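Please look through the structure shown here before reading my comments, which are set out as numbered points and are meant to be followed alongside the model.

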Amino acid sequence: MARHDLGRSFRWLWSAFAASSAGTCLGFGAFPLIAIQVLHVGPTAVAALAAAGMGVGAVLALPLGPWVDARRKKPVMIASDLVRSGALLTIPAAYFAGCLTYAQLLVVSVISSTANIAFTAAGGAYLKQLVRPDHLLVANGRFESTTWTATAVGPPLGGAAISLLGPAVTVIANAAGFLLSALGIGAIRHEEARSERVRAAQLRPSDLVEGWKFIHDDRLLRPLFWNTVAVNALIMATEPLLAVLLLGDLGWAAWQYGFAFGLSCVGGSVGARIAPRLAARFGHRRTLITSGVLRALWPVGLFFVMPGTAGVVLVIAVELILITCIGVFNPLFATERLQRVPAERAGRVLVAWRVTSTGAIAALTALWGALAAVTDARTAIGIGGVLLLTTPLLLPGRRRPRAHGGTVTSASGRCRRCRRWRWRSSRCRRPRWTCR
C-alpha cells in the first residue's frame, strides 16, 4: 500500500498528538501512587479519585459541544492543552512545597478530564479540515498506532522514573507533553473555513442535547454509539480488577505485569497499520463490523488465568488478540463517525459521545469494584467477559437501503423526505437518494 503524504499541517497535528500521548503514558498511574504513598489514603479514596475525575468532568463538559462548534478549533485545542498542563504543574509544586492535599488531586483530575473532552471534540472537527475525506482512515490509523506505541513504552518508563525519582516527576512529564502539544498545534498554518464557524448568538439551550439527537437519528451511528459505550465501559471497569487478580491473588511480579501488557500493546499498533489495507480489500463496513465482533470475544478468557508461566502466556495471548482487534476497529469507527457528522455539528456529537462514554466508565468501574468486594476479582472479571459476549448484538446489522426521492439541505442537515440526519452537508445530485 502506498504511503500517503497528508501534508505539513497534519504532520504538526500528529506530532502534537504524539507528544501529549507520550506524556500521558509516562504519567500513567501517578495520581493513585501520590494518593497512596504521599497522602496515605485508602483504596476507597483512590477509587473515588478516578471516578470523580471522569464523572464530574463529564458533567461539566456538557455545554462544551455547542461552545466548541461556536469557535475556531485550533485556539480551543491550544487552550485545552495549556489548561491541562497548568493544572498538572500545580501537583509537583504543592508536593515539593509540602502542602499537597487530596482535594487538590480531585480538582486537578476534574479539570484535566473536562479539558480532555474539549480537546477531543475540537480535534475531531479540526482533522476534517486538515485531511481529505478519502485520507481520514489513514490519519486515524496513524493516531491509533501512536496511541498504542506510547501505551507500550510509556508506562514501563514511567514506572522506572517513579522508582528512581518519585511520582511527581512523571506528572511534570505529563504536563510537558501537553505543553509540547500546544506548541505543535500552534505551528499549524491552516486557516479554518468561515463556513465552519458558528456564531455564539445562534446557540440555543436545546443545542446541549443536539449531539445525542443526531446520534439517535442516524441509523449507523446509533448502534455504534451503544456498542462502543458498552464495550469500552466493560473493558475499563475490569482493568483494575485484573491488576488485583494478577498482582495480588496470583502473586505476579510488577515486571511481569508490565511486560505482559507492554508486549500486548504492540498488537494495537499493528492493527491500526493494517486497518486501511483490510478496509480496501474487504470493504470498510464489513471490516468495521467484523473487528467489532472479534474484540468482544476474548476478555472472558482472562477468567481462566492461572499461576505460573502458563498464566503469563494466557494473559499475553488474550490481550494481544484483543488489542489487535481494537487497533483495527478504532480507526475505522472514528473515520465512519467523522464522515457521517457535518462539520458544523462535530463538536456537539463528539462531546455527547465522550461524555456518555466517560460517565459509563466511571459508573461501571464503581459497580464492578463493589461486585468484586461481594464476590472476588476473578468472578467480577468473568461476569464482565460474559456481558462483553453480548455486545456484538448492538452493532449495526446488514444494511438494507431504501431508495426515495429525498434530498439533503446544508441548512438543516436532514433529508426532506424521511427527516433523518445525513452525513452529506450539501444537496445530493443523484436523482434518487438512498437512505443510510
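1. G98, which comes directly after helix 5, has a positive phi, near 75°. Helix 5 itself covers residues 73–97, and its 25 residues, at 1.5 Å a residue, should span 36 Å; the end C-alpha atoms lie 37 Å apart, which agrees with that expectation.

2. Please keep in mind that this is a predicted model. The protein chain has a mean pLDDT of 81, with 85% of its residues reaching 70 or more. Among the elements of the chain, helix 13 (residues 284–294) has the highest mean pLDDT, 93, whereas strand 2 (residues 433–434) has the lowest, 40.

3. Two stretches call for caution. The pLDDT is below 50 over residues 195–201, a stretch that has 12 contacts in the model beyond near neighbours in sequence, and it stays under 50 over residues 400–413, for which the model has 46 contacts beyond four places in sequence. Where pLDDT is low, the predicted coordinates should not be read in detail.

4. How do helix 1 and helix 7 lie with respect to each other, and at what angle do they cross? The axes of helix 1 (residues 8–26) and helix 7 (residues 136–165) come within 8 Å and cross at roughly 30°; angles under 35 degrees count as roughly parallel, and the two helices are therefore roughly parallel to each other. Their crossing is right-handed.

5. The residues making this contact include F10, W14 and F17 of helix 1 and F143, T147 and G154 of helix 7. By class, the contact has 13 nonpolar, six polar and one charged residues.

How values were computed
Residues numbered from 1 in each chain as written. Predicted model: local features only at pLDDT ≥ 70, side-chain atom pairs only at ≥ 80, totals over all residues. Heavy atoms only, no water. Axes fitted to C-alpha atoms, helices over the stretch in contact; angles between N-to-C directions. Helix = DSSP H or I, 4+ residues; strand = E, 2+ residues; numbered from the N terminus. Parallel < 35°, antiparallel > 145°, perpendicular 65-115°, else oblique. Left-handed = near helix turned anticlockwise from the far one by under 90°. Contact = heavy atoms within 4.5 Å. Nonpolar A, V, L, I, M, F, W, Y, C, P; charged D, E, K, R; others polar. pLDDT = per-residue confidence, 0-100. Expected span 1.5 Å × (residues − 1).
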